[in-house]
2 protein chains.
Amino acid sequence: MYTHEYLYDFVKRFFMAMGCNEDDAKLIADVFIAAELRGIPSHGMIRVKDYYQLWKAGRINIRPNIRIIHETPSTAVVDGDGAIGMLAASKSMEIAIEKASKAGSGWVSTRGSNHYGIAGYYAMMALKHDMIGMSITNANPLVAPTFSVSQMMGTNPIAVAIPAGSQPPFVADFATTPIARGKLAVAEKKGEKVSFGLVQDKDGNPTDDPSVLKKGGSMLTLGGDYEHGSHKGYCLSAIVDIFSAVLSGANFGPFVPPSVAYLPLLDKKVGEGTGHFFGAMRIDAFQPAEVFKAKMDEWITTFRSARPAAGKDKVLIPGDPEREIEKRLRMEGISVLPVIVAELKEMADEMGIEFEVRG
Amino acid sequence: MYTHEYLYDFVKRFFMAMGCNEDDAKLIADVFIAAELRGIPSHGMIRVKDYYQLWKAGRINIRPNIRIIHETPSTAVVDGDGAIGMLAASKSMEIAIEKASKAGSGWVSTRGSNHYGIAGYYAMMALKHDMIGMSITNANPLVAPTFSVSQMMGTNPIAVAIPAGSQPPFVADFATTPIARGKLAVAEKKGEKVSFGLVQDKDGNPTDDPSVLKKGGSMLTLGGDYEHGSHKGYCLSAIVDIFSAVLSGANFGPFVPPSVAYLPLLDKKVGEGTGHFFGAMRIDAFQPAEVFKAKMDEWITTFRSARPAAGKDKVLIPGDPEREIEKRLRMEGISVLPVIVAELKEMADEMGIEFEVRG
């Protein structure tokens with residue numbers, strides 16, 4: 001068990017050892033630890049190795065020149081210059097917030113980036129400015145469009161954070177697939193089957209085999225099959241891809257570069273790196289902030305008081321589960337799987353920095 | 001069978017007889033006929049009666065003062081003043097486009113409106129300006145959040161239209177439920193069951209009964225159940241509701257007023273009328289328009305060439321099905337159900353205008 005402070009400090013030192021300056025390393029560490037604290041360990045410590053190996057393979061720019069390529073009062077395209085995704089993303093979101101402070105809203109499409117961790121981190125950056133924040137990204141292709149068996153899209157998440165008054169903020173952060181990629185891997189390791197409606201085999205037949213992605217299969221879009229609205233999940237994922245990559249000039253769809261070094265770079269490039277899209281809207285660009293926040297409180301309490309289904313405790317507001325987990329983990333500490341601890345120790349030794357192995 | 005021109009002219013004359021000025025009546029007719037032509041008759045001629053009855057009940061403002069209440073360079077709140085939804089919506093989308101032409105993007109949240117027809121109509125208004133268009137709306141509560149049995153949200157659709165070059169535009173227009181409300185009604189009339197995963201009974205149990213909404217049941221969000229990501233559909237629907245109603249000051253969630261006069265107005269109001277949200281982004285606020293359009297062509301041809309699943313012809317691009325239907329119906333004409341024809345004739349007689357009954 002580790003405190004979040006210990007892991008934060010380790011990640012910071014680790015990325016500084018890779019050559020990042022201290023501010024950059026702090027930011028990267030903050031996003032990794034936010035993933036752990038919010039109960040999304042698939043985007044936490046387990047991913048440090050991915051970045052380490054991309055760096056060793058020369059596929060990451062540790063000292064990038066992240067810059068605006070084109071802009072209007074409320075929009076910009078940012079080139080991440082091959083940066084670690086967290087750096088390109090937080091810089092882009094800052095630009096969106098800055099534009100929103102002047103023009104009412106700000107919208108930034110980012111190219112030349114890499115895997116940026118949890119989408120919600122950047123959306124939530126808007127909250128302290130009394131703004132609504134949005135963050136979406138494309139990702140490695142694993143998902144087939146409706147009626148297809150080709151892996152054409154990533155799990156392309158959408159995050160939206162909305163300030164409230166006395167209630168905690170509304171924070172939605174979800175992949176546009178029925179489940180996250182990581183949950184398939186967990187089921188596979190445990191030797192368990194998954195529900196039908198999550199993945200399909202190489203011919204497009206329903207399957208409950210979590211290892212099917214290795215056998216030419218693919219993930220399904222939110223909705224599962226056409227009869228249950230998979231074409232709507234396909235639309236969502238496509239919109240995320242186009243806003244992230246076509247607007248910015250990044251690689252789209254099947255051309256998104258792998259976020260791990262053990263997969264080779266693709267032969268074909270249609271743009272620069274991975275793409276993201278960020279938005280910020282000042283709430284007082286619509287309503288006086290206090291009026292908006294009071295209404296959000298009313299929205300939240302109204303939905304919280306919806307009648308639960310038989311056998312269910314309560315209706316949740318987006319952000320509730322992650323906030324409850326974070327509260328607990330800040331007190332109890334963060335448990336890291338032994339296999340990940342061993343990896344981190346090995347990498348720390350290679351980099352000549354300290355990392356304490358704990359059970 | 002009717003030509004679309006005949007139906008357009010009839011709807012125009014009908015709304016003029018209700019007191020609309022000619023420009024307003026033309027616009028309303030255009031949205032109704034666009035629904036028919038795009039193969040969404042649930043939002044076409046069948047809805048003329050709803051507006052007629054709302055008008056007779058004094059629940060529609062035929063000569064509204066649709067106006068901006070608050071604005072910044074890239075945002076506005078519009079008050080629809082109780083207007084027919086098509087008028088408040090198209091005026092709001094025009095404002096979004098105008099703002100985008102100056103500030104790069106424009107975002108309008110609209111209150112005091114009513115049912116606005118097909119969401120895609122307004123998103124597509126952006127296309128001829130070389131802009132990306134967005135349109136979302138809340139609607140009468142029929143849908144339960146995950147873990148709940150309360151009808152808290154509408155089918156809250158999302159429409160996004162994106163220009164391309166030599167390819168037709170990308171046009172996504174979908175409810176955030178697995179299927180449209182209208183499809184349940186059709187199954188019920190035919191005495192058929194529906195798939196599991198679309199609706200639940202009053203206790204939250206799965207059911208295949210399409211008439212369950214009348215028995216205290218509710219529609220499910222996109223995803224169906226928690227295991228298949230229903231909480232993601234809930235997030236989407238909630239975001240649509242908040243952007244449409246909390247940002248604008250309209251009624252949200254369970255307080256959205258009925259779009260039909262045979263249902264009484266609700267006891268509680270939390271804002272003004274129904275809410276919508278519109279967006280426009282100039283593509284050259286990100287990339288030179290020709291570069292963006294060429295990339296969209298490449299995106300579209302890439303996805304069109306994805307390998308079809310066994311037994312499927314091809315992979316569709318959002319907008320393909322509606323465009324194919326429109327092409328056919330413009331030639332063949334529009335078939336209106338006899339029961340709707342009879343209703344239209346009866347209303348036309350009451351209003352003293354001509355309507356030809358055809359088989």
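Which residue with a positive phi follows α2(B)? B:Gly39 follows α2(B), with a phi near 80°. The points below start from the model as a whole and return to that helix.

1. **Basis.** This is a predicted model, in which local features need pLDDT of at least 70, side-chain atom pairs count only at pLDDT 80 or more, and totals for chains, interfaces and linings use all residues. Residues are numbered from 1 along each chain as its sequence is written, and chains are lettered from A, with ligands numbered from 1, in the order in which they are written.

2. **Chain A overall.** Chain A has ten helices and ten strands. These are DSSP runs, numbered from the N terminus: H or I over at least four residues for a helix, E over at least two for a strand. The radius of gyration of chain A, 20 Å, is close to the 21 Å of the globule rule for 359 residues, so the chain is as compact as a globular protein of that length. The radius is taken over C-alpha atoms, and the rule is 2.2 Å times the number of residues to the power 0.38. Along the principal axes, the C-alpha atoms of chain A fill a box of roughly 55 × 50 × 45 Å.

3. **Burial and contacts.** In chain A, 55% of the 359 residues count as buried. Buried means 20 or more other C-beta atoms within 10 Å of the residue's own; exposed means 12 or fewer; partly exposed is in between, with C-beta atoms placed from the backbone. Two residues are in contact if their C-beta atoms, placed from the backbone, lie within 7 Å. Of the contacts in chain A with a separation of 6 or more, 60% join residues 24 or more positions apart.

4. **Symmetry.** A rotation of 180° with 0.0 Å of shift along its axis superposes chain A on chain B, with an RMSD of 0.0 Å. That is the relation of a two-fold axis. The fit is by least squares on the C-alpha atoms of residues with pLDDT of at least 70 in both copies. Of the residues of chain A, A:Gly223 comes closest to the axis, at 2.3 Å for its C-alpha.

5. **Interface.** Each side gives 66 residues: 66 from chain A and 66 from chain B. On the chain A side, elements giving two or more residues include β1 (67-72), β3 (105-113), α7 (230-246) and α8 (289-304). α8(A) gives the most, with seven residues. By class, the chain A side has 38 nonpolar, 21 polar and seven charged residues. Here Ala, Val, Leu, Ile, Met, Phe, Trp, Tyr, Cys and Pro count as nonpolar, Asp, Glu, Lys and Arg as charged, and the others, Gly among them, as polar. The copies meet through the same surface, because 100% of the interface residues of chain A are also interface residues in chain B.

6. **Core.** The largest nonpolar core has 227 residues. Such a core is a set of buried Ala, Val, Leu, Ile, Met, Phe, Trp, Tyr and Cys residues joined through C-beta atoms within 7 Å. Those with the most contacts inside it are A:Val11, A:Ile28, B:Val11, B:Ile28 and B:Val160. Beyond four places in sequence, A:Val11 is in contact with A:Ile28, A:Ala29, A:Phe32, A:Ile33 and A:Val48.

7. **Helix α7(A).** 17 of the 17 residues of α7(A) are buried, so this helix is largely enclosed by the rest of the structure. At 1.5 Å a residue its 17 residues should span 24 Å, and the end C-alpha atoms are 23 Å apart, which agrees. The expected span is 1.5 Å times one less than the number of residues.

8. **Helix α2(B).** Twelve of the 16 residues of α2(B) are buried, so it too is largely enclosed by the rest of the structure. The buried residues include B:Leu27, B:Ile28, B:Val31 and B:Phe32. Their cover includes α1 (4-17), α3 (48-56), α4 (85-103), α5 and α9 (320-332) of chain B.

9. **Two local checks.** A:Asp130 has a positive phi near 55° and is not a glycine. A:Asp130 lies in the loop between α5 (119-124) and β4 (131-137) of chain A. A:Ile66, in the loop between α3 (48-56) and β1 of chain A, counts as buried, with 22 C-beta neighbours inside 10 Å.
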